[in-house]
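Work through the following exercises with the structure open beside you, and try each task before you read its solution.

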Amino acid sequence: MITAVERADELYDVIRTCTLCALSQTRTNAVPGEGPLDAEVMCIGEAPGLNEDKEGKPFVGASGQFLSELLAAAGLTRESVYICNVLKCRPPSNRDPLPNEIEACSEYLDLQLDLVDPLVVITLGRFSMAKWFPKQAISRIHGNVKEVDGLFVVPMYHPAAALHQGNLRQVLIDDFARIPAILERARARRVEGQGKVATEPVQPTTAELAVDLTPRIEIPNPSAANGAPRDEPSPPGQQVPSPVEERLEPAKSVEQIRLFE
Ligand code: SF4
């Protein structure tokens with residue numbers, strides 16, 4: 001019987017040689033993701049940046065260092081968390097992911113969610129947020145938790161956003177401070193086996209309510225307002241409509257993934 005590690009290795013091999021979208025022609029390395037397959041927390045960013053593309057690893061460089069600091073503040077180590085992105089290959093010049101690229105790559109993320117089966121997912125930036133919070137504004141819902149079939153999903157700004165907008169640094173720190181309490185609730189819910197779909201955010205605990213008193217900051221910069229994704233801003237003229245504003249079609253089947261079925 002194939003083990004989880006073997007399934008992950010096969011998946012990573014498929015991703016590294018994937019040609020399902022045009023990003024395969026411009027990447028240096030695909031970045032499947034990394035972390036323990038029994039991680040309780042899964043962080044999902046947007047797409048590899050320049051450094052990630054070079055090294056084949058997610059969240060390296062300044063934003064990765066800040067993510068490690070945020071995790072530490074939440075009592076977590078980077079090594080204990082599974083980290084990946086919506087897209088596994090870098091968009092040229094760090095432009096925003098295109099809807100067809102997100103669709104082409106979506107089944108890989110679904111397989112990773114199935115493999116890791118985390119208790120808590122932290123979405124970093126608007127593109128991973130859109131998977132669970134379509135047509136929502138990150139400036140309004142960041143730090144709030146939504147429970148979906150026992151999975152607790154928490155939208156956060158992308159750490160790189162704090163590199164562009166200094167006032168987001170404290171917002172991220174405050175949002176990550178909620179993770180320990182959310183994780184405790186997720187553990188209890190998993191033990192109870194009472195996961196169910198919730199259409200409204202779960203009521204915050206007393207501790208979380210205290211954090212909720214932190215003023216939410218509206219960001220005037222359009223790119224940062226949606227969680228600026230990577231260290232480099234998108235070049236002028238290459239901005240594309242946010243997928244948050246678009247309803248994504250269901251993912252098509254991915255031929256290479258059938259070996260995992
Ligand atoms: S579908 Fe994903 S893994 Fe495949 S080429 Fe596109 S971005 Fe890379």
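**Exercise 1. The hairpin**

Task: In this predicted model, find the turn between β4 and β5, and state how many residues lie between the two strands and which residue there has a positive phi.

Solution: Begin with the two strands themselves, β4 at residues 146-148 and β5 at residues 151-156. They form a hairpin with two residues between them, and the residue in the turn with a positive phi, of about 50°, is D149. Next, look at how the strands are joined: β4 and β5 pair in the antiparallel sense over three bridges, and one bridge partner to locate is F152 in β5, which belongs to E147.

**Exercise 2. The order of the sheet**

Task: Write down the order of the strands in the open sheet, and decide which strands stand at its edges.

Solution: It helps to recall that strands of a sheet pair through backbone hydrogen bonds, either parallel or antiparallel. Five strands form the open sheet here, in the order β2-β1-β3-β5-β4, and the pairing is mixed. The edges are taken by β2 (82-85) and β4, each of which has a single partner strand, so one side of each is left without a neighbour in the sheet. If you then compare directions while ignoring which way each strand runs, neighbouring strands are turned by 25° against each other on average. Finally, add the helix that packs on the sheet: α9 (residues 179-192) touches β1 (41-45), β3 and β5, and its direction makes about 140° with that of β3.

**Exercise 3. The partners of β3**

Task: Name the strands that pair with β3 in the parallel sense, and find residues that stand opposite one another.

Solution: Take one side of β3 (residues 120-124) at a time. With β5, the strand β3 pairs in the parallel sense over five bridges; along this pairing V121 stands opposite V153, I122 stands opposite V154, and T123 stands opposite P155. With β1, which also runs parallel to β3, there are four bridges, and here V121 appears again, as the bridge partner of M42.

**Exercise 4. Buried or exposed?**

Task: Decide whether the residues of β3 are buried or exposed, and do the same for R95 and I173.

Solution: The cut-off needed is that a residue counts as buried if 20 or more other C-beta atoms lie within 10 Å of its own, as exposed if 12 or fewer do, and as partly exposed in between. Five of the five residues of β3 are buried, so this strand is largely enclosed by the rest of the structure. V120, I122 and L124 point one way from β3, while V121 and T123 point the other way, and all are buried. In β5, five of the six residues are buried, so this strand, too, is largely enclosed.

R95, whose place is in the loop between β2 and α4, has 19 other C-beta atoms within 10 Å and is therefore partly exposed. I173 is found in helix α8 (residues 168-176), and with 16 C-beta neighbours inside 10 Å it counts as partly exposed. Leaving aside its neighbours within four places in sequence, I173 is in contact with L70 and A73; the C-alpha atoms of I173 and L70 are separated by 6.1 Å, although these residues are 103 residues apart along the chain.

**Exercise 5. The nonpolar core**

Task: State how many residues the largest nonpolar core has, and which helix gives the largest share of it.

Solution: In soluble globular proteins, nonpolar side chains tend to be buried together. The largest core here has 60 residues, and C43, V86, V120, I122, F152, V154 and L172 have the most contacts inside it. Its largest share, six residues, comes from α4. To follow one of these residues outward, take V120, which, not counting residues up to four places away in sequence, touches residues including V41, F152, V154 and I182.

**Exercise 6. The shell around the ligand**

Task: Find which residues come nearest to the ligand, and divide the shell by residue type.

Solution: There are 14 residues around the ligand, of which C18, C21, S24, C89 and C105 come nearest. The shell divides into ten nonpolar, two polar and two charged residues. Helix α4 (residues 99-116) gives the most to this shell, with three residues.

Terms used: Residues are numbered from 1 along each chain as its sequence is written. This is a predicted model: local features need pLDDT of at least 70, side-chain atom pairs count only at pLDDT 80 or more; totals for chains, interfaces and linings use all residues. Two strands pair if DSSP finds at least two bridges between them. A residue is near a molecule or strand if its C-beta atom, placed from the backbone, lies within 6 Å of it. Ala, Val, Leu, Ile, Met, Phe, Trp, Tyr, Cys and Pro count as nonpolar, Asp, Glu, Lys and Arg as charged, and the others, Gly among them, as polar. Axes are lines fitted to C-alpha atoms, for helices over the stretch in contact, and angles run from 0 to 180 degrees between N-to-C directions. Two residues are in contact if their C-beta atoms, placed from the backbone, lie within 7 Å. A nonpolar core is a set of buried Ala, Val, Leu, Ile, Met, Phe, Trp, Tyr and Cys residues joined through C-beta atoms within 7 Å.
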